Amino acid sequence: MKIDPAIKTLVGDVDFDPTELQRRYDRERDIRLHPKRNKQFIEVTAEFSHYVDDPYVEPAPTRDPITDEIDILIIGGGFGGVLAGARFRQAGFDNIRIVEKGGDFGGTWYWNRYPGAFCDTESYVYFPMLEDVGYVPKQKYSPGYEIREHIHRIAKTYDLYSNACLQTAVTEVRFDSSAQQWIVSTNRGDALRANFVVIANGPLDRPKLPGIPGINEFKGHTFHTSRWDYGYTGGDEDGNLVGLADKRVGVIGTGATAIQCIPHLGASAKQLYVFQRTPAAVDVRANRPTDPEWESSLASGWHSERIENFNRVVTGIPQEVDMVSDGFTAVGRLLDPTASWAAALIGRDLTEEEGEYINEILDDKKMNEIRARIDEVVEDKATAEALKPWHRRWCKRPLFSDDYLPTFNRSNVTLVDTGGRGVERFTNHAAIVDGQSYELDCLIFATGFEVGTALTRRTGFDIVGRDGLKLSDHWSNGMRTFHGLHAHGFPNCVFMGFGQNASATNFVFILDEQSKHVAYTVKEARARGSTVVEASEKAVADYVAEVNPLAFSMNKFWVECTPSYFNGEGTPDDPNGFFANVHPAGTVGFYDMLREWREQGELSGLELS
Ligand code: NDP
């Protein structure tokens, strides 16, 4: 391709061969394409069900089943559920109940308490409702416990504890047509009647285990990172895992979770083996405390202004200033196939080829930088080489840490690179790789969460709508919604999350926007004398066509990517995949669209009765 000199100036020197690099990426991807794709993992049921027991609370004491009537019932007490509760309260609703299977609110931040858990999205944009509750996070990137406390702060401010059912798992949600109400059954024998239900149970909730032969033969201590066993390891979320001082520990996984807990395991264990299948692409973190001067300078409205700026920068909309200015804002733009930000700088529309060229070269440069940093930090040359990732930046969740790479300079830490194939098998006391046995006292699974598996398998319950229609059947070939929120046949029920919605670097932003939108919708419908809100069949059909399922997940980028849950482990055409249902408008366009829909005030697409 002949490159316009303006574009050459924009991308800078290219002192490598992009074609050769892509060939290497393709080879590395092919090695990692597991024959079973997304079916390679083990479900945490039957003999594996103890992996999801709650280690953070005593088992729930027995209580009498509850059968009362609630106006707004919310399933899930993570950010989604708590924000929905808060926004419904702000809209004037009194009778609200959250049902949550954990021992407290927090969702992902309740379960994921492993040492070193931090959020990669800047705290000043990730934390919602900062001005509503009068809080400013203590650092640019916050530890999990500060985020958890913030969720509790919102729940207390909006009185969401008083009526909550904690340690209560939903088993079925069924519409009772005669009463025009939902009946929510739980594992505590409850049959809760609700006028309106909000399903807010999160996209990465169900832990998964690697399908490694012999996994149930291993007799040492094991757990999944989302159920950290501090009773065994000692210490807390800040580390200091004194119980591991005489233990040989193995970790499976090198994803976002693993790279945060590995430095603490390396600092405390007698011996740590990191079993690597795909090397992690880890960029600089550079966390820092909140500047008190900056904090005291914040004027009313600062928070939404910063969030909006972040959303615009990461979706490639040119801004005068990048307020967050970090690793995410730097790489967010790489996903924009038209490189609209570059077009704005150059002053003309780019051809598709030019857009792809810019994104590819800047991605290559970023990844070269990440690989060069490994050579700078890791002393042993062979280990440094094995730690280098060979894929494009967004194929895996971008990672940031200043502690992960130096951990491999410790004499008690060994990287066991499995050449992309994973651990061969387990015996009752060891992991086997290339015929070599690694004896272990403890094995920790940092292997992530189910994506794209059957809905009921992930949630633990089905939703049975009008005329006995099961959601699991209704969506078996992909989601069918209006705005990602409402489904025909499921009146007075909304779904929060990514599905048929905008994808965003900041998932909490999505949840807050959805909460505001849904609270508005129900309030507005009631103001018109309607108690039932349901998406019309036509609105759903039109919307599904507009979303154009698979358009995003099937773009060349994801198809060529090394496998991860982002591309269904190499099946980007999976209609239930993580990015299979992303609305083409992008975060900013999508929420502008919802805002305009509210401003029109017609509730169009919804049937009210
Ligand atoms: P991931 O799915 O990202 O990572 C799972 C890891 O397990 C991968 O390294 C994977 O290797 C490995 N694995 C799976 N099966 C095997 C096997 N058979 N043999 C060897 N290795 C195996 O899960 P995480 O829990 O790390 O992260 C999930 C998501 O949670 C993140 O993407 C992010 O969205 C969120 N998160 C955010 C954090 C933050 O903000 N800082 C922190 C933690 C999580 P391979 O790559 O080869 O498949």
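Here are three short exercises on this predicted model, each with a worked solution.

**Exercise 1.** Work out whether the radius of gyration of the protein chain agrees with that of a compact globule.

*Solution.* Start with the chain length, which is 609 residues. A compact globule with that many residues would have a radius of gyration near 25 Å. Now look at the protein chain itself: its value is 24 Å, so the two agree. For a feel of the dimensions, the C-alpha atoms fill a box of roughly 70 × 65 × 55 Å along the principal axes. Inside that box you'll find 22 helices and 21 strands, and 56% of the residues count as buried.

**Exercise 2.** Take the salt bridge between R348 and E354 and decide how each partner should be classed: buried, partly exposed or exposed.

*Solution.* First, the contact: the closest approach given for this pair is 3.0 Å, N to O. Next, recall that buried means under 20% relative accessible area and exposed means over 50%. R348 comes in at 31%, so R348 is partly exposed. E354 has just 10%, so E354 is buried. Finally, don't stop at the pair, as D4 joins R348 and E354 in a network of salt bridges.

**Exercise 3.** Explain how R595 and E599 are placed along their helix, then class each one by exposure.

*Solution.* Both sit in helix α22, which covers residues 586–600. They're 4 residues apart, which means about one helical turn separates them. Their salt bridge has its closest N and O atoms 3.6 Å apart. As for exposure, R595 is partly exposed at 38%, while E599, at 60%, is exposed. This bridge is one of 39 found in the whole structure.

Key:
Residues numbered from 1 in each chain as written. Predicted model: local features only at pLDDT ≥ 70, side-chain atom pairs only at ≥ 80, totals over all residues. Heavy atoms only, no water. Helix = DSSP H or I, 4+ residues; strand = E, 2+ residues; numbered from the N terminus. Rg over C-alpha atoms; globule rule 2.2 N^0.38 Å. Buried < 20%, exposed > 50% of the residue type's maximum accessible area, 1.4 Å probe, protein only. Salt bridge = Lys/Arg side-chain N within 4 Å of Asp/Glu carboxyl O.
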